[in-house]
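Reader: I should like to learn how to read a structure of this kind. May we look at it together?

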Amino acid sequence: MIDLKGKTALVTGGSRGIGKAIAFKLARAGAEVIITSRSDASSTPVVTEAQKENLKISALSGDVTSAADCRRIVQQALEAFGGKLDILVNNAGITQDNLFMKMKEEEWDQVLATNLTSLFHFCKAVIRPMMKQRAGRIINIGSVVGHTGNPGQVNYATTKAGMLGFSQSLAKEVASRNILVNVVSPGFIATDMTAQLNEEQKTTILEKIPLNRLGQAEDIAGAVLFLAGDLSSYITGTTLHVNGGMY
Ligand SMILES: NC(=O)c1ccc[n+]([C@@H]2O[C@H](COP(=O)([O-])OP(=O)(O)OC[C@H]3O[C@@H](n4cnc5c(N)ncnc54)[C@H](O)[C@@H]3O)[C@@H](O)[C@H]2O)c1
């Protein structure tokens, strides 16, 4: 059993999908969790749901494409947690798919800002406090597409592949302070993000998944819990693939 009692965690994009499942998984293991979302309106139902289970989940809102918002969120989380942040999960992410020939500069910029530059801002803001604590876990949510590429996702695949180099390098820089940096790379998971796929696309995807089903947000949350707890204390700079065997 993984016990996170006394631990604090910040999960970006925690109002739905994978981020929400991660927040509940960490809170059920005993952690005090803050989720971030773009608006209070989207996080309030999650906080209410958590209260019914007596879980310690609260929320802060902000746009992860804004450096100022990322810094403020970390500052407010540290204040709420009495200056200690043990676990950061960089989960917020978007797709804006288009064939490269048609891809607009805004689609490139928006996806890079949301999925990759936000990583820089959040990690930058937590790294000093974690170094002082001489402990920390940073878990970044990648994608199988960052390893394989995918037509129509040049922007998205770039961010998820970039996340790997970022995480491996940061892991080496901060290992001496007992801060572990890892990536969880989901395959295709049933969330709002994949709800946009049509039946033909879903059939094509299922043919590539040996376990013959889309993953559930819970499947990713389990991997994050593992990387957040004591069972993984000798694992850093690596990627945990959670994709039903497709890669
Ligand atoms: N669903 C999948 O199949 C799949 C596969 C591989 C990787 N992923 C990754 O998992 C993560 C979560 O995906 P999901 O499927 O739960 O998606 P989702 O669309 O259901 O949730 C994404 C979350 O990110 C938040 N977010 C997006 N842009 C933001 C911004 N500018 N500021 C603040 N918050 C913002 C959203 O509000 C939402 O809470 C993403 O990083 C995604 O790339 C998902």
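Author: Certainly. Please note that this is a predicted model. Let us begin with helix 4, residues 105-133, which has 29 residues and reaches 41 Å from its first C-alpha to its last, close to the 42 Å expected at 1.5 Å a residue.

Reader: Where is the kink in helix 4 centred?

Author: The general idea first: an α-helix has 3.6 residues a turn, so residues three or four places apart point the same way. In helix 4 there is a kink of about 45°, and its centre is Ala113.

Reader: Which residue takes a positive phi just after helix 4?

Author: As a general rule, most residues other than glycine have a negative phi. Just after helix 4, Arg134 takes a positive phi of about 55°.

Reader: What is the phi of Asn54, and where is Asn54 found?

Author: Asn54 is a residue other than glycine with a positive phi, near 60°. Its place is the loop between helix 2 (40-52) and strand 3 (57-61).

Reader: Is Asn54 buried or exposed?

Author: A residue counts as exposed when its relative accessible area is over 50%. Asn54 has 72% relative accessibility, and therefore counts as exposed.

Reader: How should I read Asn212, in the loop between helix 8 and helix 9?

Author: Apply the steps used for Asn54. The phi of Asn212 is positive, near 60°. The loop that holds Asn212 joins helix 8 (199-207) and helix 9 (217-228). With a relative accessible area of 55%, Asn212 is exposed.

Reader: Let us turn to the ligand. Which residues come nearest to the ligand?

Author: There are 28 residues around the ligand, and those that come nearest are Arg16, Asn91, Tyr156, Ile189 and Thr191. By kind, the shell holds ten nonpolar, 13 polar and five charged residues.

Reader: Which side chains place an N or O atom by an oxygen atom of the ligand?

Author: One is Arg16, with a side-chain N or O atom 2.8 Å from an oxygen atom of the ligand. Another is Tyr156, where the corresponding distance is 2.5 Å. In addition, a polar side-chain atom of Arg38 lies 3.5 Å from a nitrogen atom of the ligand.

Reader: How much of the ligand does the protein bury?

Author: Taken alone, the ligand exposes 830 Å², and the protein buries 96% of that.

Reader: Which elements give two or more residues to the shell around the ligand?

Author: They are helix 1 (17-28), helix 6 (154-174) and helix 7 (192-195). Helix 7 provides the largest share, three residues.

Key. Residues are numbered from 1 along each chain as its sequence is written. This is a predicted model: local features need pLDDT of at least 70, side-chain atom pairs count only at pLDDT 80 or more; totals for chains, interfaces and linings use all residues. Side-chain values use heavy atoms; hydrogens and water are left out. A residue is near a molecule or strand if one of its heavy atoms lies within 4 Å of it. A polar contact is a pair of N or O atoms within 3.5 Å; within protein, one must be able to donate a hydrogen and the other to accept it, and residues adjacent in sequence count only if both atoms are side-chain atoms. Accessible areas come from the Shrake-Rupley method with a 1.4 Å probe; for residues, only the protein chains shown count as cover. Helices (H or I, at least four residues) and strands (E, at least two) are DSSP runs, numbered from the N terminus. Ala, Val, Leu, Ile, Met, Phe, Trp, Tyr, Cys and Pro count as nonpolar, Asp, Glu, Lys and Arg as charged, and the others, Gly among them, as polar. The expected span of a helix is 1.5 Å times one less than its number of residues. The bend at a residue is the angle between axes fitted to the seven residues ending there and the seven starting there. Buried means under 20% relative accessible area, exposed over 50%, partly exposed in between (1.4 Å probe, protein chains only).
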